[in-house]
Amino acid sequence: MIKDVIANLSLGAERDVAGDYAVSIATVFEAHLAAVAFRFQFEMPGTIIGSSVAAGIIEAQRRESERAVGEAVSRFERTAKLAGIQAETMTPEASLATAAERFSRAARAYDLVVVRQPDPDKPGPEELIAEGVLFGAGRPVLVVPYIQKDGLKLNRVTVCWDGSRAAARAVADAMPFLLKGKYIELLMVQAKSGADDEIPGVDMAQHLARHGLRVELERVVVPRMNVAEAILSHVADRSSDILVMGGYGHSRVREFILGGVTREIMKSMTIPALMSH
């Protein structure tokens with residue numbers, strides 16, 4: 001069950017899609033919700049540290065950060081109060097370089113993490129935080145598109161299945177959502193058709209059926225289209241409400257490297273995606 005959710009609040013955004021979506025999740029599952037708004041610390045190049053110019057710039061940045069944090073927290077608290085959920089806010093200090101690690105450590109004590117998809121037109125810390133928590137928290141991460149308007153809906157849940165460890169982890173982590181879903185489909189994207197007597201995904205469909213779920217198997221063969229495009233096209237055609245998938249990638253000395261499919265989904269997603277690594 002989902003009883004403890006943590007979300008990263010966006011600073012300076014007109015709407016906090018992650019915060020709003022997290023409130024809708026907490027409402028559906030009657031869960032506690034914690035929201036984090038980082039008070040970012042700014043560093044200046046060593047050549048001007050100590051100068052009056054540097055001091056003025058740092059102070060201006062600090063005031064702007066405090067103002068943005070205050071607005072984000074106030075907006076979240078109003079939304080949470082209207083929803084009638086149990087909520088708290090945290091405003092830790094961090095640099096842009098350390099925020100992802102700090103958020104990942106905090107997220108390990110929660111059932112679910114909610115973050116916003118990075119907006120390519122408005123660069124910010126969201127990309128580092130989203131990637132960092134996906135590979136560093138050890139918890140399922142729900143990424144909300146920056147264009148998201150609605151709260152949690154579970155009329156149609158699409159689960160990406162390729163038999164991998166990450167996909168299996170994602171199915172297990174998504175079980176609370178699947179149990180509340182009205183329609184579940186298991187989507188398999190393949191480069192070529194299998195044998196006539198081979199039906200991929202039957203074993204996972206049987207597993208979900210034992211949980212009382214009605215599952216439809218969907219197989220898409222796309223020899224000339226990449227996997228991410230096929231997934232995004234499918235969920236758009238079927239009007240899916242949420243996507244479940246494994247988060248692929250690896251890390252090297254604290255640098256997170258997303259796999260191609262994961263990166264493309266995060267870049268072009270149009271519906272919330274629950275990812276597990």
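Let's start with T158. Is T158 buried or exposed? It is buried, because its relative accessible area is 0%, and the cut-off for buried is under 20%. Bear in mind that this is a predicted model. T158 sits in strand β8. Its side chain has a polar partner: the side chain of E185, at 2.6 Å. Which residues does T158 touch, beyond those up to four places away in sequence? E185 is one of them. The others are L187, H234, V235, S240, I242, L243 and V244.

Now step back along the chain to N155. N155 is in the loop between β7, residues 141-144, and β8, residues 156-160. How does N155 count for exposure? It counts as partly exposed, because its relative accessibility is 39%, and that class runs between 20% and 50%. So T158 is buried, whereas N155 is partly exposed.

What does N155 touch, leaving out residues up to four places away in sequence? Three residues: K182, Y183 and D241. Take K182 first. The side chains of N155 and K182 are joined by a polar contact of 3.4 Å. Then D241. In sequence, N155 and D241 are 86 residues apart. In space, their C-alpha atoms are 6.6 Å apart.

Next, the cores. As a general point, nonpolar side chains in soluble globular proteins tend to be buried together. Here, the largest nonpolar core has 48 residues. Which of its members touch the most other members? They are I25, L33, L112, V114, L142, F177 and L178. Helix α1, residues 17-29, gives this core its largest share, eight residues. There is also a second, separate core, with 34 residues. Among them are A94, C160, M266 and M269.

Let me stay with L112 for a moment. Set aside its neighbours within four places in sequence. L112 is then in contact with I2, D4, V5, I6, I25, P140, L142, F177 and L274. Three of those names, I25, L142 and F177, you just heard among the core members that touch the most others.

On to the empty space. How many cavities of 30 Å³ or more are there? One. The largest cavity has a volume of about 30 Å³. Its lining is L9, D16, G19, D20, A72, R75, F76 and T79. By class, that lining is three nonpolar, two polar and three charged residues. Helices α1 and α2 each supply at least two lining residues. Which element gives the most? That is α2, residues 52-83, with four residues.

Last item, the largest pocket. Its volume is about 530 Å³. It is lined by 28 residues. Which of them are closest to its centre? L11, G12, A13, R116 and E126. The lining divides into 15 nonpolar, six polar and seven charged residues. Helices α2 and α4, the latter being residues 126-136, each supply at least two residues. The largest share of the pocket lining, four residues, comes from α2. So α2 is the element to look at on screen: it gives the most to the cavity lining, and it has the largest share of the pocket lining.

Terms used. Residues numbered from 1 in each chain as written. Predicted model: local features only at pLDDT ≥ 70, side-chain atom pairs only at ≥ 80, totals over all residues. Heavy atoms only, no water. Core = buried A, V, L, I, M, F, W, Y, C linked by side-chain atoms within 4.5 Å. Buried < 20%, exposed > 50% of the residue type's maximum accessible area, 1.4 Å probe, protein only. Contact = heavy atoms within 4.5 Å. Polar contact = N/O pair within 3.5 Å; in protein donor to acceptor, adjacent residues only side chain to side chain. 1 Å grid on protein atoms, 1.4 Å probe; cavity = no way out; pocket = protein on both sides within 12 Å on 5 of 7 lines; lining within 4 Å. Points joined across faces, edges and corners; volume = space filled by probe spheres on them. Nonpolar A, V, L, I, M, F, W, Y, C, P; charged D, E, K, R; others polar.
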